[in-house]
Amino acid sequence: ELEESEKFYVGQPRVLLLIYALYNTLVARSEMVCYFVIILNHMISASMITLVLPILIFLWAMLSVPRPSKRFWMTAIVYTEVAIVIKYFFQFGFFPWNKHVDYTKDKPYHPPNIIGIEKKEGYVHYDLVQLLALFFHRSILKCHGLWDEDEKGDSSSNKEDTDDELSLPGGRRDSSASLKSVNLAASVESIHVHFPEQQTAIRRKSSSSISQLSHRSSFSSHRSKRGKSIRTKDWSLCSPVKDIFKNISHTTLSLYFLLCKLCAMKSRCGPCCFRTLQVYVPIRQFFYNLIHPDYSAVTDVYVLMFLADTVDFIIIVFGFWAFGKHSAAADITSSLSEDQVPEAFLVMVLIQFGTMVVDRALYLKKTVMGKVIFQVILVFGIHFWMFFILPGVTERKFSQNTVAQLWYFVKCVYFGLSAYQIRCGYPTRVLGNFLTKSYNYVNLFLFQGFRLVPFLTELRAVMDWVWTDTTLSLSSWICVEDIYAHIFILKCWRESEKRYPQPRGQKKKKVVKYGMGGMIIVLLICIVWFPLLFMSLIKSVAGITNKPLDVSITITLGGYQPIFTMSAQQNQLKSLDPNEFNEFLRSYSGNTAALQFLEGYAREDITRADLEGNSNSLWTISPPSRQKMIQGLQDFDADFTLVISWTIQRTLEEVYPYYIKAPSDSLAKPIKQLLRGMSPDHGKQSMWENITVSLVKNTSEEWWVLNQLGKRQKTPQESLELFIFSDKVSPPSLGFLAGYGIMGLYASVVLVIGKFVREFFSGISHSIMFEELPNVDRILKLCTDIFLVRETGELELEEDLYAKLIFLYRSPETMIKWTREKT
């Protein structure tokens, strides 16, 4: 029947098999589904009601060994049911805060919104999904007989451990509050031998994770192996004294808390103190067992925690606007280009980077207690910041901040990995970089990319030296790290040569030559000509037309009060139609310089400004200055200058710049190519326009009137006409590169890259003895041995091996012997 069932299962469609596999995955990781639904519910609801369970997940459930107890799941189920009832009760309209829901629904600090009792549509949907997931997990545990193992474990341990446990007065016994003790008449040696066995039973009972058979096997194995107790006792006598005192101190603490419980029951405030101890003692025992485990399956998930922190760091950098006030339209590039560092961005980046440094220090020191304290501080601190401080800073609810929700979800992944690291314990040995575990192209390129990140290699080396016990100085430490990195790279290349051998005496294939060599040639050519191509194409291909918004003309004679001020805006700034543009080009058909200039401009880049001839301001001048100006004008040998740099005559001939170039910077200049014409008699001559200036008076006021004589648009009224050629500007996304200019790009990009390329192609002869090593296994093993003896505390041996490594690099003959191929 089993064979027929297997054949029937294999013969099913692949889609159905995929559904079966997904369901089995869901069953195998049902607790992770519950965690995900609880966190998702809190991300969407973001209230104090939903805040409790995520904190319990990271500080209780994920820290339980080997899995959460029944007490946790019952707490989660009952709490979810109570939360649903509370939310339903506060949906009635007779509550005063439910009468103005539309006004208060987006206020982050509105008390019902903070508590989670506000009236809204779908208020209980995610809570029901959460309750469904919890019931599903409970059914899975019941199917495997793991739901009621707490009571079995407690009853069996109570029956077998009656002689080793102190009961409360009157025969009353509380399994959750009882404390394990040892025989006070036992010797120090017997305490040290027998205490871990009893403590193991307590820990398993408290975590509610091992069945009744496990408890019985633990004690039966202890009774059946009395013949081996002498050897264990001898080992304990040879153990360090600090281990003995650690167990004695734990016993003393257990007795102390038991006495406190008895005294509390006899005192006046006995019930209150007793309840406090009932809560405090199990919590203290839980964390003590977590920090001082008898058995730990060590693991190393630091890399995954570092990647989660890196993702959060990237989210902060590219989505920092979500963590500030009135900054929904801001971006970090524009803020940094204006030499402004937002405070919210700076604080979050420094905090994120600081947590990464502390996490690295705890990992190197392998201190579980520090990691537990750090985990508690981070869990409470992050939740307080994200759900109580950040909404006030951004003035929007957490559920409306998508970037903050993404950041919090990744941080929850980090919390889960940290809890797993605490529960399993830190690894005993931390050897080398996690990228150097294999010798393939992927590890090679990832490791070289890791070393190219500015200051990352240096910062990691210094931190490792600070928080690792060693006898080497910082310079010697960095020397070993550099040698190890270099040997690892050579090992990867030697392994690749073994996988893809090149037959002797055969020329290189064209695929290799044109593939690698051609790619390098194209890359070098692109680097050399990148600035010219970039600056020429950035404005012509991706450039944006930058039309003027205001054109103003101001004319001042001889330093006196301006005689004319006028500006053109909106409808007075007109674009040329196609016929006008073609006629404009034909008018310069014989002028090569003008046509060359016009090649860089399209019709939409040219704007014609029509300025009124009447000045928009009255001419106010004092009588003495007016008389002095009249005398200067009557002197035909005197010249009057304008505010601009050219000199004009009294008749004001060839003074008006008809064509103005408006570049991307703020300085507008006349276009000399269009203001010079060709004449058969005089060659190049000026084509600046003539204007007439007249003073108009009425009974009490006077002003100046200007008129341009040669205008393309013939208008009867006095006016001025001006053509503006606007240069295209680079898009905002590429402005940070275009702002450097051609010379700036060459200095900052080409020369810097050229320096690194030159180092690759030159100076090879000086490093042949260290590069051309046929076999690097012995040197790699020597570096690994240095890491190993450092981790085991053999610091004298570390010095000897380091001296051996330095001697090896100082002796070329010894290096040749060490790097020969194995025969």
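This tour moves through a predicted model from the whole chain to its nonpolar cores, a surface patch and several salt bridges.

Begin with the whole chain displayed as a cartoon, where 32 helices and 13 strands can be traced. Of its 823 residues, 39% count as buried, and the chain exposes about 48500 Å², with carbon and sulfur atoms supplying 62% of that area. Among contacts with a separation of 6 or more, 72% are between residues 24 or more positions apart.

Next, select Phe58, Trp73, Phe323, Met386, Phe398 and Trp407, which touch the most other members of the largest nonpolar core, a set of 65 residues. Colouring the helices around them is useful here, since H3 (30-45), H4 (48-61), H5 (70-89), H8 (125-143), H15 (302-318), H17 (343-365), H18 (368-394) and H19 (402-424) each supply at least two residues of this core. The greatest contribution comes from H19, with 11 residues. Because domain 1 (1-144) and domain 2 (295-428) both give residues to this core, it lies between them.

Stay with tryptophan 407 and show what surrounds its side chain and backbone: leaving aside neighbours within four places in sequence, tryptophan 407 is in contact with Asp312, Ile315, Ile316, Phe323, Met348, Gln352, Ile382 and Met386. A second, separate core can then be picked out through Ile555, Met566, Ile691 and Ile724, which are among its 23 residues.

Turn now to the surface and select Ile521, Ile525, Val528, Trp529, Leu532 and Leu533, which form a nonpolar patch with about 560 Å² of accessible area together. Isoleucine 521 lies in helix H23 (residues 510-540) and is exposed, with a relative accessible area of 52%.

For the charged pairs, a search of the whole structure finds 21 salt bridges. Select arginine 460 and glutamate 481, whose side chains meet in one of them at 4.0 Å, N to O. This pair links helix H21 (residues 456-466) with helix H22 (residues 474-499), the two residues being 21 residues apart, and both arginine 460 and glutamate 481 are buried.

Finish at arginine 608, selecting Lys574, Glu580, Asp610 and Glu721 with it, as these five are linked in a network of salt bridges. Glutamate 580 meets arginine 608 at 3.5 Å, N to O; glutamate 580 is in helix H24 (residues 578-586) and arginine 608 in strand E4 (residues 606-612), so the pair ties together parts that are 28 residues apart in sequence. Glutamate 721 also meets arginine 608, at 3.7 Å, N to O, reaching from strand E13 (residues 719-726) across a separation of 113 residues. Glutamate 580 counts as partly exposed at 25% relative accessibility, whereas glutamate 721 and arginine 608 are both buried.

Key:
Residues numbered from 1 in each chain as written. Predicted model: local features only at pLDDT ≥ 70, side-chain atom pairs only at ≥ 80, totals over all residues. Heavy atoms only, no water. Core = buried A, V, L, I, M, F, W, Y, C linked by side-chain atoms within 4.5 Å. Buried < 20%, exposed > 50% of the residue type's maximum accessible area, 1.4 Å probe, protein only. Helix = DSSP H or I, 4+ residues; strand = E, 2+ residues; numbered from the N terminus. Domains from an automatic or database assignment. Contact = heavy atoms within 4.5 Å. Patch = residues over 30% accessible without salt bridge, like charges linked within 9 Å, V, L, I, M, F, W, Y side chains within 5 Å. Areas by Shrake-Rupley, 256 points an atom, 1.4 Å probe, with all protein chains shown as cover.
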